[in-house]
Amino acid sequence: MGSRTISILGSTGSIGESTLEVVRQFPDRFRVIALGAGRNIKLLREQIRAFRPLSVSVLDSNLADELDRSLKGDAYRPEILFGSDGYDRVAAHPEAGTLVSAMVGAAGLLPTLTAIRAGKRLALANKETLVVAGEIVMALAAEHEVEILPVDSEHSAIFQSLQGNHRDALKRILLTASGGPFLNKTREELAMVTPQAALCHPNWSMGRKITIDSATLMNKGLEVIEARWLFGVPVDRIAVHVHPESIVHSMVEYVDGSVIAQMGIPDMKIPIAYALTYPERLPVRSPSLDLFRLQKLSFYPPDEERFPCLRLAFDACRKGSTYPAVLNAANEVAVGAFLDEKIAFPDIPGVIETAMGKHKAPAKPDLDAVIAADRWARVETERLIDDIRR
Ligand SMILES: NC(=O)C1=CN([C@@H]2O[C@H](COP(=O)(O)OP(=O)(O)OC[C@H]3O[C@@H](n4cnc5c(N)ncnc54)[C@H](OP(=O)(O)O)[C@@H]3O)[C@@H](O)[C@H]2O)C=CC1
Ligand SMILES: CC(=O)[C@@H](O)[C@H](O)COP(=O)(O)O
Ligand SMILES: [Mn+2]
């Protein structure tokens, strides 16, 4: 295989950095064409120096000016873009074959759609894209014959476990969840947990928003919806299994009773590299899985009483329409408020459930309806949070 040309949205984040680490390990196999960051100019400048992308984009014009100033005197200077137009140009860069979509949150939706319209191969980390607009995204990808390769570790595991088998033979998807840092806490204890404690994931080092989602089990709920669209499987055939070791990244069960799992140490470079080079596998530098040291792997049913976010996500997925967009937007706002110590941990599912209860969803939503539902849910959730604080 020759060298792959890639652009990355969210290059300064956890997935973005891991993607660039894969590129560092295999410099002959990849060429970085364009990068999209948010506000982290310092890290983006280092990435520009190391990878010499043709174009970069940041959040706004002030940050673009700041980046421009910081590159004065450098031998290499890329085109500097900003805002939604800048991200679209990164997503659809004519020199790039693949977009790694790794912004956090619903902000990733529109540039990801732009990449699909431009016919880019999509390495998808931004699960919110499929949560918010799964039906629209999958239909557009089919129309443009765009391949979507999952980066999310569970979906990569499912994708790998599906290789070489007939889709008709698939019975269930068994989606594993670590259970997060609060797996064994009581309801009373959960009411008291701090953002600092919630940010300590037992197995993975990730961005702040997804780490809180892992603690509430909303991450698993979002992943159920992601799997529903990515693999075209009805939600009632997706079962969450709590697996605190995070070694089995997920499984599929076939009609003959066979269960196929993908296993490995928790290292995002593995699914990222697979998404970038599928069907080829690269010899990623990562320690081997040592099953003798682990000795046992455990599995438990999730507790939706203590972790209601999982139930809310299943509900939103069953209801369809714009409910998943509302679930996601309310969650983004609630997680931000929890991190800012404005609300307590159990208030996260509380405000999401109230927002979903108030939402009036259209029968067959288009993209505009999805965006309107996202906006409505953000305003409504902010209002609910203000009420709690009064
Ligand atoms: N981290 C992981 O291991 C995994 C992550 N994912 C998914 O991948 C996505 C990224 O996660 P992760 O890397 O952890 O997140 P991070 O918070 O570490 O990184 C987020 C990236 O998005 C950028 N960003 C944030 N807000 C905006 C915005 N409004 N517009 C443009 N760019 C923005 C950030 O820029 P800056 O920092 O410069 O402001 C940063 O580059 C999420 O959807 C997550 O659910 C899925 C599986 C595993
Ligand atoms: C690495 C990855 O894919 C994350 O989504 C991870 O799965 C989070 O772990 P849990 O949500 O299972 O705690
Ligand atoms: Mn995951």
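I225 is buried in this predicted model, because 25 C-beta neighbours lie inside 10 Å. The residue belongs to helix α11. Its contacts, leaving aside neighbours within four places in sequence, are L130, V131, G134, A313, C317 and P324. S250 lies 25 residues from I225 along the chain, and the two C-alpha atoms are 15 Å apart.

Y274 is a second buried position, because it has 24 C-beta neighbours inside 10 Å. Helix α12, residues 269–277, holds Y274. Beyond four places in sequence, Y274 is in contact with S156 and R281. I348 is 74 residues from Y274 in sequence, with 34 Å between their C-alpha atoms.

**Confidence and overall form**

Mean pLDDT for the chain is 98. A value of 70 or more is reached by 100% of the residues. Helix α13, residues 291–294, has the lowest confidence, with a mean of 96. Helix α15, residues 323–339, has the highest, at 99. The model's ipTM is 0.99 and its pTM is 0.98.

The chain contains 17 helices and 11 strands. Its radius of gyration is 20 Å, close to the 21 Å from the globule rule for 390 residues, so the chain is as compact as a globular protein of that length. The C-alpha trace spans about 55 × 55 × 40 Å along its principal axes. Of the 390 residues, 48% are buried. Among contacts between residues at least 6 apart in sequence, 72% join residues at least 24 apart.

**Domains**

The chain divides into domain 1 (4–150), domain 2 (153–265 + 300–306) and domain 3 (320–390). Domain 2 is thus given as two segments. The centres of domain 1 and domain 3, taken over C-alpha atoms, are 27 Å apart. Contacts between these two domains involve 7 residues of domain 1 and 8 residues of domain 3. The domain 1 side of that contact has 5 nonpolar, 1 polar and 1 charged residues.

**Ligand shells**

Ligand 1 is surrounded by 28 residues, and the closest are G13, G38, N40, M206 and G207. Helices α1 (14–25) and α10 each give at least two residues to this shell. Domain 1 and domain 2 both contribute residues, so ligand 1 lies between them.

Around ligand 2 stand D152, S153, E154, A177, S178, G180, W204, I210, S214, N219, K220 and M268. The elements giving two or more residues to this shell are α7 (153–162), α10 (208–216) and α11 (218–230). Helix α10 therefore supplies residues to the ligand 1 shell and also to the ligand 2 shell. The two shells divide by class as follows.

| Shell | Nonpolar | Polar | Charged |
|---|---|---|---|
| Ligand 1 | 12 residues | 10 residues | 6 residues |
| Ligand 2 | 4 residues | 5 residues | 3 residues |

**Helix α5**

How much of helix α5, residues 109–117, is buried? The helix is mostly covered, with 7 of its 9 residues buried. The buried positions are L109, P111, T112, L113, T114, A115 and I116. Their cover includes strands β1 (4–9), β5 (98–101) and β6 (121–124). Helices α4 (83–91) and α6 (128–143) are also among the covering elements. After α5 comes G119, with a positive phi near 75 degrees.

**Backbone exceptions**

Most residues other than glycine have a negative phi, and most peptide bonds are trans. Three sites in this chain are worth a look.

E145 is not a glycine, yet its phi is positive at about 50 degrees. E145 sits in the loop between α6 and β7 (148–150). The residue counts as exposed, because it has 8 C-beta neighbours inside 10 Å.

L217 has a positive phi too, near 70 degrees, and is a residue other than glycine. Its place is the loop between α10 and α11. Is L217 buried or exposed? With 30 C-beta neighbours inside 10 Å, L217 counts as buried.

The peptide bond joining Y278 and P279 is cis, with omega at about 10 degrees. P279 lies in the loop between α12 and α13.

Terms used: Residues are numbered from 1 along each chain as its sequence is written. Chains are lettered from A and ligands numbered from 1 in the order in which they are written. This is a predicted model: local features need pLDDT of at least 70, side-chain atom pairs count only at pLDDT 80 or more; totals for chains, interfaces and linings use all residues. A residue is near a molecule or strand if its C-beta atom, placed from the backbone, lies within 6 Å of it. Helices (H or I, at least four residues) and strands (E, at least two) are DSSP runs, numbered from the N terminus. Ala, Val, Leu, Ile, Met, Phe, Trp, Tyr, Cys and Pro count as nonpolar, Asp, Glu, Lys and Arg as charged, and the others, Gly among them, as polar. pLDDT is the predictor's confidence in each residue, from 0 to 100. Domain bounds come from an automatic or database domain assignment. The radius of gyration is taken over C-alpha atoms; the globule rule is 2.2 Å times the number of residues to the power 0.38. A residue is buried if 20 or more other C-beta atoms lie within 10 Å of its own, exposed if 12 or fewer, and partly exposed in between; C-beta atoms are placed from the backbone.
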